[in-house]
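Here is a short briefing on one protein chain. Please keep the sequence and the model open while you read.

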Amino acid sequence: MAQDQLKHTALHSVHAKLGARFTDFGGWDMPLKYTSELDEHRAVREAVGVFDLSHMGEVWVRGPQAAEFLDYALISKLSAVKVGKAKYSMICTESGGIIDDLISYRIEENTYLVVPNAGNIDNVVSALQERAGAFDVDVEDKSSKTSMIAVQGPKAAEAMVEIVENVVDAPEASGAGSTVNEAIAGLGYYAAFEGIVAGQPVLVARTGYTGEDGFEIIVNNDAAQDVWDKALAEATRLGGLPCGLACRDTLRLEAGMPLYGNELSLKLTPVDAGLGVLAATKSKDS
């Protein structure tokens with residue numbers, strides 16, 4: 001795609017000032033690396049790295065039948081996910097081809113946040129909207145208005161205790177009123193809470209794509225730079241670095257995590273990809 005046709009995240013100018021080298025990824029002009037991909041890889045393995053993942057999608061599914069709808073639309077049983085938790089799953093064609101792999105967060109009883117990959121946002125939204133017809137749900141794509149910043153590495157939790165200023169609701173800790181330390185310590189893998197960072201409301205999730213402990217912060221675009229600045233300041237204090245997609249790819253390969261367009265595609269079913277287990281629970285319970 002021509003350079004002038006690429007989409008920019010809300011943090012693009014910030015990355016340019018940091019000296020990032022950019023690449024086309026799913027139609028987005030994304031930081032490939034800032035200095036050395038090897039140094040960035042090591043920072044995530046040994047300390048902490050900060051990534052801009054704002055090219056990822058954010059699709060809200062709301063309504064009385066949200067859980068029932070996602071059970072139908074995806075290959076896993078999303079109704080079994082507790083509020084405050086998340087699940088990795090896939091959306092497939094009728095013949096089983098993988099449209100995308102994605103993470104779905106249950107924010108409230110009848111509210112889910114579905115996060116597809118950058119290059120598949122339109123396909124996922126279209127498929128969800130087509131399948132929503134018989135259900136009392138609303139599917140809203142807020143990808144263009146939302147940013148995601150990842151803090152990954154063995155020191156990620158230490159950084160997040162300083163990054164997060166307040167906790168609004170943390171189901172896995174003691175709920176609203178939990179201290180930041182309690183919320184971070186009590187947050188399990190694939191779980192999330194609502195909090196405040198840089199004075200802005202955010203969703204903090206203990207998820208990632210590096211094989212290390214880590215967190216992803218989801219925030220409105222207009223507050224993304226404030227959140228990024230705070231996250232990078234804490235990472236730098238702990239010996240970390242801003243990180244690009246080059247090291248994210250080596251990290252996920254090292255951890256054995258699949259990437260759509262490589263290990264996953266429309267030509268493959270979840271079983272072909274060795275991920276049939278994602279539908280196993282749904283099959284047993286259905």
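By class, 20 nonpolar, five polar and five charged residues line the largest pocket. This pocket holds about 530 Å³ of space. The model is predicted. The points below cover pockets, cavities, two open sheets and a salt bridge that links distant parts of the chain.

**Largest pocket**

- The lining counts 30 residues, and Asn117, Tyr209, Arg248, Pro258 and Leu259 are the closest to the pocket centre.
- Strand 1 (21-25), strand 6 and helix 8 are the elements that give two or more residues to this lining.
- Which element gives the largest share of the lining of the largest pocket? Helix 8 does, with five residues.

**Second largest pocket**

- The volume of the second largest pocket is about 330 Å³.
- Of its 16 lining residues, Trp60, Pro201, Leu203, Ile218 and Asn220 are the closest to the centre.
- Two or more lining residues come from each of strand 4, strand 11, strand 12 (200-205) and strand 13 (214-220).
- The lining of the second largest pocket splits into nine nonpolar, three polar and four charged residues.

**Cavities**

- Rolling a probe the size of a water molecule over the atoms shows where empty space is left.
- The structure has two cavities of 30 Å³ or more.
- The largest cavity encloses about 80 Å³ of space.
- Its lining consists of Val83, Gly84, Lys85, Tyr105, Arg106, Ile107, Asp169, Pro171, Ala192, Phe193, Glu194 and Leu203.
- Strand 6 and strand 11 (192-197) are the elements that give two or more residues to the lining of the largest cavity.
- Seven nonpolar, one polar and four charged residues make up the lining of the largest cavity.
- Leu203 lines the largest cavity, and Leu203 is also among the residues closest to the centre of the second largest pocket.
- The second largest cavity holds about 30 Å³ of space.
- Its lining is made of His15, Met30, Pro31, Tyr34, Phe51, Asp52, Cys243, Gly244 and Leu245.
- Strand 2 (28-33) and strand 3 (49-52) each supply at least two residues of the lining of the second largest cavity.
- By class, the lining of the second largest cavity has six nonpolar, two polar and one charged residue.

**Five-stranded sheet**

- Strands of a sheet pair through backbone hydrogen bonds, either parallel or antiparallel.
- Five strands form an open sheet in the order 5-6-7-4-8, with antiparallel pairing.
- Why is one side of strand 5 and of strand 8 left without a neighbour in the sheet? Strand 5 (86-92) and strand 8 (138-141) stand at the edges and have a single partner strand each, so one side of each has no neighbour in the sheet.
- On average, neighbouring strands of this sheet are turned by 30 degrees against each other, direction ignored.
- Strand 4 (residues 59-62) and strand 7 (residues 111-115) run antiparallel and are joined by four bridges.
- Val59 has Val114 as its bridge partner in strand 7.
- Val61 has Tyr112 as its bridge partner in strand 7.
- Strand 4 also pairs with strand 8, in the antiparallel sense, over four bridges.
- On that side, Val139 of strand 8 is the bridge partner of Val61.
- Helix 4 (residues 121-131) lies across strand 4, strand 5, strand 6 (98-108) and strand 8.
- Helix 4 runs at about 70 degrees to strand 6.

**Seven-stranded sheet**

- An open sheet of seven strands follows the order 10-11-12-13-9-3-14, and its pairing is mixed.
- Strand 10 (164-169) and strand 14 (241-242) are the edge strands, and each pairs on one side only.
- Strand 10 pairs with strand 11 over four bridges, in the antiparallel sense.
- The bridge partner of Val167 in strand 11 is Gly195.
- Strand 3 belongs to this sheet and supplies at least two residues to the lining of the second largest cavity.

**Salt bridges**

- Side chains of opposite charge can pair when their charged atoms come close.
- How many salt bridges are there? The count comes to 10.
- One of them joins the side chains of Glu254 and Arg45, at 2.5 Å from N to O.
- Glu254 is in helix 8 (residues 245-254) and Arg45 is in helix 2 (residues 37-46), so placed that the pair links distant parts of the chain, 209 residues apart.

Note on methods. Residues numbered from 1 in each chain as written. Heavy atoms only, no water. Pairing = 2+ DSSP bridges. Axes fitted to C-alpha atoms, helices over the stretch in contact; angles between N-to-C directions. Contact = heavy atoms within 4.5 Å. 1 Å grid on protein atoms, 1.4 Å probe; cavity = no way out; pocket = protein on both sides within 12 Å on 5 of 7 lines; lining within 4 Å. Points joined across faces, edges and corners; volume = space filled by probe spheres on them. Nonpolar A, V, L, I, M, F, W, Y, C, P; charged D, E, K, R; others polar. Salt bridge = Lys/Arg side-chain N within 4 Å of Asp/Glu carboxyl O.
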